[in-house]
Amino acid sequence: MEPSSTQDRILILDFGSQVTQLIARRVRESGVYCEVWPYNKADGGRIAGFNPRGVIFSGGPASVTEGESPRAPAEVFGMGLPILGICYGQQTLAAQLGGVVEGGHAREFGRAVVDVTGECALTHGVWAVGARETVWMSHGDRITVLPPGFRVVAESEGAPFALIANDERRTYGTMFHPEVVHTPHGAALLRNFTHDVCGCQGDWTMGAYRAQAVARIRAQVGQGRVVCGLSGGVDSSVAAVLIHEAIGEQLTCIYVDHGLMRANESEQVVATFRDRFNIKLVHVDASELFLGQLSGVTDPEVKRKTIGRLFIEVFEAEQAKLGGADFLAQGTLYPDVIESVSATGGPSVTIKSHHNVGGLPDWMRMQLVEPLRDLFKDEVRALGRELGMPEEIVGRHPFPGPGLAIRIPGEVTREKAELLRRVDTIYLEEIRAAGLYDAIWQAFAVLLPVRTVGVMGDGRTYDMACALRAVTSTDGMTADVFPFSMEFLTRVAGRIVNEVRGVNRVTYDITSKPPGTIEWE
């Protein structure tokens, strides 16, 4: 996605942090276009060609004290560009400009408090001298000697150089992470960098993204034909409407019912896209194929890979029936990518694989079209609204491509899927009736792989247990449990055990992300 020639842009050099793209998200929220490049793919010529107004160094898992640890390209320090280093980015910035970084000192992970001891352009109007501010730390090393020309602006017990500044060369470093929501004024600090230090105007909008994405799709596809894997969720729906705007009748959506959708979902998807959007749609009932292949499979990674393989096989067969297609479109988002592979191809830890990440098999002749691959969920919703899509689609809770399969730990069967569908329907009905749906990022039920003893009337039961999950989030990278009242949970549990024969126990999952993920598998 390229901005117009008149738009400002910021370059983010990625050193392997799991939250690098959150920096991009904050920068975009302030109306500034940005791109994330691996640190080792950015030489002086390429940076100059991109013509950024400033550069941000991300965090990362390495230690500057290690001999082979990543370094920023030396040329960037001689370009006269404003620079902001975050966590590892601050450490390599300091080391490369003549400071000293050491390990073995006090570590800080999680919320911390910094004392603001000075002021600089980064903190102007945000932090006052003498204030104590909450930030989010995640470091084991720290600076022990400042580079020449730098001074301390904020400090903490574990990080005496928590924020350093050199206003003359417009270079700053933070040991904390301003990009995460746990640093309350972090977005404002980043905005000061992009707007006040770098001089960006903030004129990049979702309308601009829409126009640029349409142009990019047209350039990639040309006169080719595209099939889009449509799930009916927010991501694939927005991708389909965006691609349809770009290439019209060259697009055919293929909706695969794998037998693991929520209640009445297939009928709703078909009606919406055929009747409301007038997009060509092929509806494939492949439930027997998917459920048959999943029989006996219990490992969650094998489940995801099996479902991904079957989706591709079905698409290949269906596009052949259509006379062939050149491209396969998917609604892949950046959280899918960052949890599956390192942003740099380097040391970031793989959390879990995603069925729609990692490219296509060699034998498949189509190329991928993924217009949302660099967006977070809230940005996708904003794009959907920009496209004029109805709120009942763009405001829907996320629903994973593998569907209910990853909400049934252990073996997946048609009977278990039907039980879970009924539980999930009751849960969402009660959430909507209470007026809570829009306050929740994602809510769903999980059918647990255990049976428990219960009593109903005068009889003993030995049935399945389920867990309810609901979280709040802004981007899916971190999440907190939604604080339902006990009255609400008691009412939902009562309906489930009375209306769903085969379930006799209900639990509520109160785990945040991290340490858990939002989905159970």
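Here is a short conversation about how helices and strands are arranged in this predicted model.

Visitor: What should I keep in mind about the numbers?

Guide: Residues are numbered from 1 along each chain as its sequence is written, and side-chain values use heavy atoms, with hydrogens and water left out. As this is a predicted model, local features need pLDDT of at least 70 and side-chain atom pairs count only at pLDDT 80 or more, while totals for chains, interfaces and linings use all residues.

Visitor: What makes a stretch a helix or a strand here?

Guide: Both are DSSP runs numbered from the N terminus: helices are H or I with at least four residues, and strands are E with at least two.

Visitor: Why are helix 8 and helix 9 called roughly antiparallel?

Guide: Helix 8 (residues 287–294) and helix 9 (residues 300–321) pack at about 150 degrees, with axes 10 Å apart. Axes are lines fitted to C-alpha atoms, for helices over the stretch in contact, and angles run from 0 to 180 degrees between N-to-C directions. Angles under 35 degrees count as roughly parallel, over 145 as roughly antiparallel, 65 to 115 as roughly perpendicular and the rest as oblique. The pair is therefore roughly antiparallel.

Visitor: Which residues of helix 8 and helix 9 meet?

Guide: Leu289, Phe290, Gln293 and Leu294 in helix 8 meet residues of helix 9 including Ile307, Leu310, Phe311 and Val314; contact means heavy atoms within 4.5 Å. By class, the contact of these helices has seven nonpolar, two polar and two charged residues. Ala, Val, Leu, Ile, Met, Phe, Trp, Tyr, Cys and Pro count as nonpolar, Asp, Glu, Lys and Arg as charged, and the others, Gly among them, as polar.

Visitor: What makes helix 5 and helix 11 roughly perpendicular?

Guide: Helix 5 (residues 206–221) and helix 11 (residues 377–386) pack at about 80 degrees, with their axes 9 Å apart. That value lies in the range from 65 to 115, so the two are roughly perpendicular.

Visitor: And why is the pair of helix 6 and helix 11 called oblique?

Guide: Their axes come within 10 Å and cross at roughly 40 degrees. This angle falls outside the three named ranges, so helix 6 and helix 11 count as oblique. Their crossing is left-handed, a word used if the near helix is turned anticlockwise from the far one by less than a right angle, with right-handed for clockwise.

Visitor: How do you know that strand 17 and strand 18 pair?

Guide: Two strands pair if DSSP finds at least two bridges between them. Strand 17 (residues 442–456) and strand 18 (residues 459–472) have 12 bridges in the antiparallel sense, with Ala445 opposite Leu468 in strand 18. They form a hairpin with two residues between them, and Gly457 in the turn has a positive phi of about 65 degrees.

Visitor: What joins strand 13 to strand 14?

Guide: Five bridges join strand 13 (residues 251–257) to strand 14 (residues 281–285), and the two run parallel. Ile254 has Val282 in strand 14 as its bridge partner. The chain crosses between these strands through helix 7 (residues 265–276) in a right-handed β-α-β crossover: with the strands pointing away from the viewer, the path from the first strand over the helix to the second runs clockwise.

Visitor: Why do strand 14 and strand 16 stand at the edges?

Guide: The open sheet of five strands has the order 14-13-12-15-16, with parallel pairing. Strand 14 and strand 16 each have a single partner strand, so one side of each is left without a neighbour in the sheet.
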